[in-house]
Amino acid sequence: MRASLLSFCYRTTRFIVTKILYFYQAIFFKPRDLEPAIKFGDIILSAITGVGAPIYNFKIPAGNTVDIFELKFSSPLIGASFKSETDVLDLWLRMGLGSITFKTITKDARLGNDKPRIQDISLNGDKGLFNSMGLPGQGVQLFSSQIPHSKLWDYDRPLGISIGGNTIQEYFENIKGINKSLTGLTRSYYFELNISCPNTENGRTLGDDPLELERLLTQVRAIINVPMCVKVSPDSSDELLNQIGEICQGMNRVFINAGNTQLKTPLQVGLKPSQFSKPKGGLSGTPIFDRTLEMVKLFSNYEIPIIATGGISNIHHIRTLKKAGATLYGMATALVFDPYCIPKINKYL
């Protein structure tokens, strides 16, 4: 009851704030842009955390623990790589996620793409997000200095560290640098190789070349035994995904994250080109669920754990993906629209 009431309040407030924002942008001849509304929501949620225990604290029901390579997820619901703000990730863990994954870390700090770079959309009645953020972030050096001291470790849940790069060597050096900062500490974490980002100029290079992926995994495994996850693209052909599945199956302590956003043009998602700074972007949310399900079924033929990511927002999605072979369920867009889906789903697992 509490989660449902708070969910209604959150969704209503979000709707009102978004409409006010769009009205303001229209009367001042500014391009429509959802990003300020998302940032405003994050600020408000973070500002009231000190008095918000009844609002945010939800217990994860017993019996939902999932073990993967000695990583213990107290709930199979996890936060997909989308956010880096600790206060927001902390709230999601308080609401009942079994893990969160940090926004993809790159070698250098990045501002990301020009705005507007994220919009809400509706396709055939299904809500989603369309973004071309361009992986804005602080860079590996600053992240490495901060991650050992993060308050998120206090939850004693695995943390995913998503890694990006322009070359195999850059991926490798990023992993090695972050892992060095955590060596000797009692921490539960895994690295996620983001080989499928459509929002950078060469973000899918590694995902398009299985041999390069195999070289990277072999290089990492030679010196680091931390569990590794490979995040693949829903835009990849089934033939390519099967090649990646075979490679991951042959590696030690490697699992799959089946999927990411789908590459689309603004017109394909019902936007005008003037409403977006890039000619293409990544579609997320319920409209891509069917492809996520297809990928889970494909990877279920291999002896590797599977994270299903893409379009998940309710218990029916979870049950369908579990039946298809998924072990964990990554959410991002659903958490933007309504983070109270976490306790609501946990209740019925």
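Let's start with strand 9, residues 228-231, and strand 10, residues 254-258: they run parallel and are joined by four bridges. If you want a spot to click on, take Met 228, which stands opposite Val 254 in strand 10. Please keep in mind throughout that this is a predicted model.

Now, what do these two strands belong to? They sit in a closed barrel of eight strands, in the order 3-4-7-8-9-10-13-14, and the pairing is parallel. Going from one strand to its neighbour in this sheet, the turn is 25° on average, direction ignored. As a reminder for those of us who live at the bench, strands of a sheet pair through backbone hydrogen bonds, either parallel or antiparallel.

Something also packs on the barrel sheet. Helix 6, residues 168-182, touches strand 4, strand 7 (159-163), strand 8 (189-194) and strand 9. The direction of helix 6 makes about 165° with that of strand 8.

There is an antiparallel sheet here too. It is an open one, with four strands in the order 5-6-12-11. Which strands are at its edges? Those are strand 5 (118-123) and strand 11 (262-264), each pairing on one side only. Neighbours in this open sheet are turned by 40° against each other on average, again with direction ignored. In the middle of the story, strand 6 and strand 12 pair over four bridges in the antiparallel sense, and Leu 129 has Ser 284 in strand 12 as its bridge partner.

Hold on to Ser 284, please, as we move to the pockets. The largest pocket has about 620 Å³ of space. Its lining counts 39 residues, and the closest to the centre are Thr 261, Ser 284, Gly 285, Ala 332 and Thr 333. So which elements give two or more residues to that lining? They are strand 4 (99-105), strand 6 (126-131), strand 12 (281-285), strand 14 (328-331) and helix 11 (333-337). By class, we have 20 polar, 13 nonpolar and six charged residues around this pocket.

The second largest pocket comes in at about 520 Å³. Here 27 residues make up the lining, and Tyr 10, Thr 13, Arg 14, Gly 41 and Leu 45 lie nearest the centre. The elements giving two or more residues to this lining are helix 1 (2-27), helix 2 (35-47), helix 3 (53-56), helix 4 (86-95) and helix 11. As for chemistry, the lining of the second largest pocket splits into 21 nonpolar, three polar and three charged residues.

Tyr 10 deserves another slide. The whole structure holds 10 aromatic pairs. In one of them, the ring centres of Tyr 10 and Tyr 340 are 6.2 Å apart and the planes are at 65°, so this pair counts as edge-to-face. Tyr 10 is in helix 1, while Tyr 340 is in the loop between helix 11 and helix 12 (341-348), so the pair ties together parts that are 330 residues apart in sequence.

Let me finish with two backbone details. Where is the cis peptide bond going into Pro 116? It runs from Lys 115 to Pro 116, with omega near -5°, and Pro 116 is in the loop between strand 4 and strand 5. The other detail is Leu 135, which has a positive phi of about 55° although it is not a glycine. You will find Leu 135 in the loop between strand 6 and helix 5 (140-146).

Notes:
Residues are numbered from 1 along each chain as its sequence is written. This is a predicted model: local features need pLDDT of at least 70, side-chain atom pairs count only at pLDDT 80 or more; totals for chains, interfaces and linings use all residues. Side-chain values use heavy atoms; hydrogens and water are left out. On a 1 Å grid over the protein atoms alone, a cavity is a set of points where a 1.4 Å probe fits but cannot get out, and a pocket is an open set with protein on both sides within 12 Å along at least five of seven lines; lining residues have an atom within 4 Å of a point. Grid points are joined across faces, edges and corners, and a volume is the space filled by probe spheres set on the points. Ala, Val, Leu, Ile, Met, Phe, Trp, Tyr, Cys and Pro count as nonpolar, Asp, Glu, Lys and Arg as charged, and the others, Gly among them, as polar. Two strands pair if DSSP finds at least two bridges between them. Axes are lines fitted to C-alpha atoms, for helices over the stretch in contact, and angles run from 0 to 180 degrees between N-to-C directions. Contact means heavy atoms within 4.5 Å. Rings of Phe, Tyr and Trp (its six-membered ring) pair if their centres lie within 6.5 Å; planes under 30 degrees apart count as stacked, over 60 as edge-to-face and the rest as tilted.
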